[in-house]
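Q: I have a model open and want to learn to read its features. Where should we begin?

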Amino acid sequence: MLKQGLTITAAAAASAAFPNSLSAVPLVTVPGLQLYTVDKELKAGVEGVLKKVRAIGYQEVETAGFSGLLAKEFRTALENAGLKCNSSHFFNFGSADPGPLFEEANTLGIHYTVTSAMSRFTDKPAGQVIAVDDYKAMAGFCNELGRKAKQAGLQLAYHNHNTEFKDLGQGETGYDIFIENTDSGLVKLELDCGWMVAAGHNPVEYFHRYPNRYRMVHIKDFVKPAKPSTSLASQDVPQGTVLGTGYIDYRPILKVAKVSGVEHFYVEQEPPFIGMTALEAATKDYAYIHGLSV
């Protein structure tokens with residue numbers, strides 16, 4: 001009994017000396033959800049779905065459109081659900097005047113306006129090889145767009161897929177060319193970790209290679225494909241799956257993301273959803289990300 005008492009006393013003393021040493025620290029303290037995950041459900045009833053998202057545990061979201069509502073109406077629905085929104089994807093930045101889109105962004109109350117997909121900046125048909133000069137031209141376009149975003153009180157960010165990682169020769173990828181030719185103050189980055197890994201690249205390496213460029217991440221998983229793919233053709237795209245049931249280990253990725261300047265962490269699952277609804281998948285995804293700790 002004396003020996004047991006000494007052991008307990010020693011443990012108590014250690015706990016007092018290092019109060020946080022015995023408690024796990026979550027890797028993501030505020031898990032968010034990219035609403036593309038529940039896009040189909042939102043179109044059937046925005047307010048109800050947003051409240052269900054909040055009930056799962058998500059505290060913030062990123063939008064990808066307003067599900068048929070005006071920006072002001074969508075903001076009201078978010079506020080009614082108790083959700084914060086700091087970023088949104090916009091799909092029409094190829095137009096001459098981004099002013100109306102920036103006005104929508106400010107109405108929504110976000111800070112980051114996000115664009116993606118090389119196809120929006122070139123008239124080349126789908127499937128045609130996009131060359132180095134195309135990525136340089138896209139970088140120039142985004143620099144100017146980022147400058148206009150700054151003038152509107154916003155910050156532009158670029159979101160990757162897997163296609164940007166196609167080898168363009170001599171080990172160069174379009175993604176690297178784009179980053180190296182954009183102004184770090186005008187164009188921040190949203191790293192879709194799932195698509196990067198699916199293309200055969202490591203998010204941790206990119207956090208180290210381009211410090212202070214990434215402000216947001218997308219956290220998604222895939223069933224392990226036979227080989228990496230830089231194509232979005234249906235036969236080449238890996239199957240999305242619930243976090244923790246695929247092949248991507250997020251613990252090392254998120255450890256580095258936390259200290260590299262990332263501010264927002266968005267869960268996103270690619271459809272189709274097999275054996276469950278999108279909201280059920282989002283619930284399982286939240287449980288996984290909420291349970292990751294150091």
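A: Start at the end of a helix. This is a predicted model. After H10 comes glycine 261, with a positive phi near 105°. The helix itself spans residues 250–259.

Q: What caps the N-terminal end of H10?
A: For a cap, look for a side chain that reaches a backbone nitrogen. Here the residue is aspartate 249. One of its side-chain oxygens lies 3.2 Å from the backbone nitrogen of arginine 251.

Q: Which residues of H10 are buried?
A: Read burial from relative accessible area; buried means under 20%. In H10, Tyr250, Ile253, Leu254, Val256 and Ala257 are buried. They lie on the same side of H10, because they cover an arc of only 165° around the axis.

Q: What covers the buried residues of H10?
A: Look for contacts from other elements. The cover includes three helices: H8 (193–198), H9 (203–209) and H11 (278–291). It also includes strands S7 (214–219) and S10 (264–267).

Q: Which residues have the most contacts inside the largest nonpolar core?
A: A core is read as a network of buried nonpolar side chains. The largest one here has 75 residues. Phe178, Tyr214 and Tyr250 have the most contacts inside it. Tyr250 is also among the buried residues of H10.

Q: What does phenylalanine 178 touch, leaving out residues up to four places away in sequence?
A: Phenylalanine 178 touches Tyr135, Met138, Ala139, Cys142, Tyr158, Val187 and Leu189. A second core, separate from the largest, has five residues, including Tyr112, Val114, Ala157 and Met216.

Q: Now a polar residue. Where is threonine 37 found?
A: Place the residue first, then check its burial and its partners. Threonine 37 sits in the loop between strand S1 (31–34) and helix H2 (39–44). Its relative accessible area is 2%, so it is buried.

Q: What does the side chain of threonine 37 reach?
A: The partner is the backbone oxygen of glutamine 34, at 3.0 Å. Beyond four places in sequence, threonine 37 touches Val267, Glu268, Gln269, Phe273 and Ala278.

Q: Where does threonine 241 lie, and is it buried or exposed?
A: Use the routine again. Threonine 241 lies in strand S9 (residues 240–241). It has 15% relative accessibility, so it counts as buried. Its side chain makes a polar contact of 2.7 Å with the side chain of threonine 245. Leaving aside neighbours within four places in sequence, threonine 241 is in contact with Asp221, Phe222, Val223, Gly246 and Gln269.

Q: How many salt bridges does a search of the whole structure find?
A: For these, pair a Lys or Arg side-chain nitrogen with an Asp or Glu carboxyl oxygen. The search finds nine.

Q: What links lysine 43 and aspartate 39?
A: Check the distance, then the placement. The two form a salt bridge, with the closest N and O atoms 3.1 Å apart. Both lie in helix H2, four residues apart, about one turn of the helix. Lysine 43 is exposed at 59% relative accessibility. Aspartate 39 is partly exposed at 22%.

Q: How many residues apart are arginine 147 and glutamate 144?
A: They are three residues apart in helix H6 (residues 132–151), about one turn of the helix. Their side chains meet in a salt bridge at 2.8 Å, N to O. Arginine 147 is partly exposed at 37%. Glutamate 144 is also partly exposed, at 35%.

Q: Where do glutamate 263 and arginine 215 lie?
A: Here sequence separation is the thing to read. The side chains of glutamate 263 and arginine 215 meet in a salt bridge at 3.7 Å, N to O. The pair links distant parts of the chain, 48 residues apart. Glutamate 263 is in the loop between H10 and S10, and arginine 215 is in strand S7. Burial splits the pair: glutamate 263 is partly exposed at 43%, whereas arginine 215 is buried at 11%.

Q: Which residues are linked in a network of salt bridges?
A: The network links Asp192, Lys220, Glu268 and Glu270. Glu268 also touches threonine 37.

Q: How many helices and strands are in the chain?
A: Finish with the totals. The chain has eleven helices and ten strands. Buried residues make up 47% of its 294 residues. Of the contacts between residues at least 6 apart in sequence, 77% join residues at least 24 apart. The chain exposes about 14000 Å², and carbon and sulfur atoms supply 55% of that.

Notes: Residues numbered from 1 in each chain as written. Predicted model: local features only at pLDDT ≥ 70, side-chain atom pairs only at ≥ 80, totals over all residues. Heavy atoms only, no water. Core = buried A, V, L, I, M, F, W, Y, C linked by side-chain atoms within 4.5 Å. Buried < 20%, exposed > 50% of the residue type's maximum accessible area, 1.4 Å probe, protein only. Contact = heavy atoms within 4.5 Å. Helix = DSSP H or I, 4+ residues; strand = E, 2+ residues; numbered from the N terminus. Arc of directions from axis to C-beta. Polar contact = N/O pair within 3.5 Å; in protein donor to acceptor, adjacent residues only side chain to side chain. Salt bridge = Lys/Arg side-chain N within 4 Å of Asp/Glu carboxyl O. Areas by Shrake-Rupley, 256 points an atom, 1.4 Å probe, with all protein chains shown as cover.
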